[in-house]
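The following exercises concern the packing of helices, the nonpolar cores and the backbone of one protein chain. Please work through each task before reading its solution.

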Amino acid sequence: MPPAKAVKVNVNLDINGEEKEVLFRQADTLLQVLRGQLGLTGAKPGCLNGDCGACTVIVDESPMKSCLMLAIEAADKKIITIEGLTNTPIQRAFIEKFAFQCGYCTPGFIMNCHALLTRHPQASDEMIKEWLESNICRCTGYQEIEEAVKSCLS
């Protein structure tokens, strides 16, 4: 008996303020669809199990690890990727504070920090440290990232 054929669905996704019609398998993760179908490669495949945060995007104003979310779950939600942020304060702060080294994890950190600053514009040191725990950088310490976030507080 031949293997079952994968069923594909055609779904409209709101990505970076634009409606995109995308055809994908129901088992595809949002990360797979962003990178493979839409060419949005800012969200990075790291651990692929939700530990590292390199694939972080914003879904309905909350940071989400796109490797853990099925693309079908993103229907009727507003998704922002690093490509959808343009010259935000946190992006500028990462550059000014040298809050990156190799850069692989940087988009995920920026997305997470952007969500933190949107939700908590006067975040405490403890809150910043707690939010940064969801992302991993293997190249550098977190001091510069924390300084970047603090420089953006209101």
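**Exercise 1. Locate D60 and describe its backbone and its exposure.**

Solution. The model is a predicted one.
- Step 1: D60 lies in the loop that joins strand 3 (56-59) to strand 4 (62-65).
- Step 2: The phi angle of D60 is near 50°, a positive value in a residue other than glycine.
- Step 3: The relative accessible area of D60 is 39%. Buried requires under 20% and exposed over 50%, so D60 is partly exposed.

**Exercise 2. Describe F98 in the same terms: location, phi and accessibility.**

Solution.
- Step 1: F98 belongs to the loop between helix 2 and helix 3.
- Step 2: Although F98 is not a glycine, its phi is positive, at about 55°.
- Step 3: The relative accessibility of F98 is 62%. The cut-off for exposed is over 50%, and F98 therefore counts as exposed.

**Exercise 3. Identify the buried residues of helix 1 and what covers them.**

Solution.
- Step 1: Helix 1 spans residues 30-37, and its buried residues are L30, L31, V33 and L34.
- Step 2: The cover over these residues includes strand 1 (8-15), strand 2 (18-25), strand 3 and strand 5 (78-80).
- Step 3: Just after helix 1, G39 adopts a positive phi of about 70°.

**Exercise 4. Determine which residues touch the most other members of the largest nonpolar core, and which helix gives the most to this core.**

Solution.
- Step 1: The largest nonpolar core has 23 residues, of which I90, F94, F109, C113, I145 and V149 touch the most other members.
- Step 2: At least two residues of this core come from each of helix 2 (89-96), helix 3 (106-119), helix 4 (125-132) and helix 5 (143-151).
- Step 3: Helix 3 gives the most, with seven residues.
- Step 4: Leaving aside residues up to four places away in sequence, I145 touches F94, A99, F109, C113 and L132.
- Step 5: A separate, second core has 20 residues, among them V11, L30, L34 and A71.

**Exercise 5. Characterise the packing of helix 2 against helix 3: orientation, handedness and contact residues.**

Solution. Two packed helices are described by the angle between their axes and the distance between the axes.
- Step 1: For helix 2 and helix 3, the angle is about 130° and the axes are 9 Å apart.
- Step 2: An angle over 145 degrees would be roughly antiparallel and one of 65 to 115 roughly perpendicular; the two helices are therefore oblique to each other.
- Step 3: The crossing of helix 2 past helix 3 is right-handed.
- Step 4: Helix 2 contributes I90, Q91 and F94 to the contact, and helix 3 contributes T106, F109, I110, C113, H114 and L117.
- Step 5: By class, these residues are six nonpolar, three polar and no charged.

**Exercise 6. Apply the same procedure to helix 2 and helix 5.**

Solution.
- Step 1: The axes of helix 2 and helix 5 come within 8 Å and cross at roughly 135°.
- Step 2: Helix 2 and helix 5 are therefore oblique to each other.
- Step 3: Their crossing is right-handed.
- Step 4: The contact comprises I90, A93 and F94 of helix 2 together with I145, A148, V149 and S151 of helix 5.
- Step 5: The contact residues divide into six nonpolar, one polar and no charged.

Note on methods: Residues are numbered from 1 along each chain as its sequence is written. This is a predicted model: local features need pLDDT of at least 70, side-chain atom pairs count only at pLDDT 80 or more; totals for chains, interfaces and linings use all residues. Side-chain values use heavy atoms; hydrogens and water are left out. A nonpolar core is a set of buried Ala, Val, Leu, Ile, Met, Phe, Trp, Tyr and Cys residues joined through side-chain atoms within 4.5 Å. Buried means under 20% relative accessible area, exposed over 50%, partly exposed in between (1.4 Å probe, protein chains only). Helices (H or I, at least four residues) and strands (E, at least two) are DSSP runs, numbered from the N terminus. Contact means heavy atoms within 4.5 Å. Axes are lines fitted to C-alpha atoms, for helices over the stretch in contact, and angles run from 0 to 180 degrees between N-to-C directions. Angles under 35 degrees count as roughly parallel, over 145 as roughly antiparallel, 65 to 115 as roughly perpendicular and the rest as oblique. A crossing is left-handed if the near helix is turned anticlockwise from the far one by less than a right angle, and right-handed if clockwise. Ala, Val, Leu, Ile, Met, Phe, Trp, Tyr, Cys and Pro count as nonpolar, Asp, Glu, Lys and Arg as charged, and the others, Gly among them, as polar.
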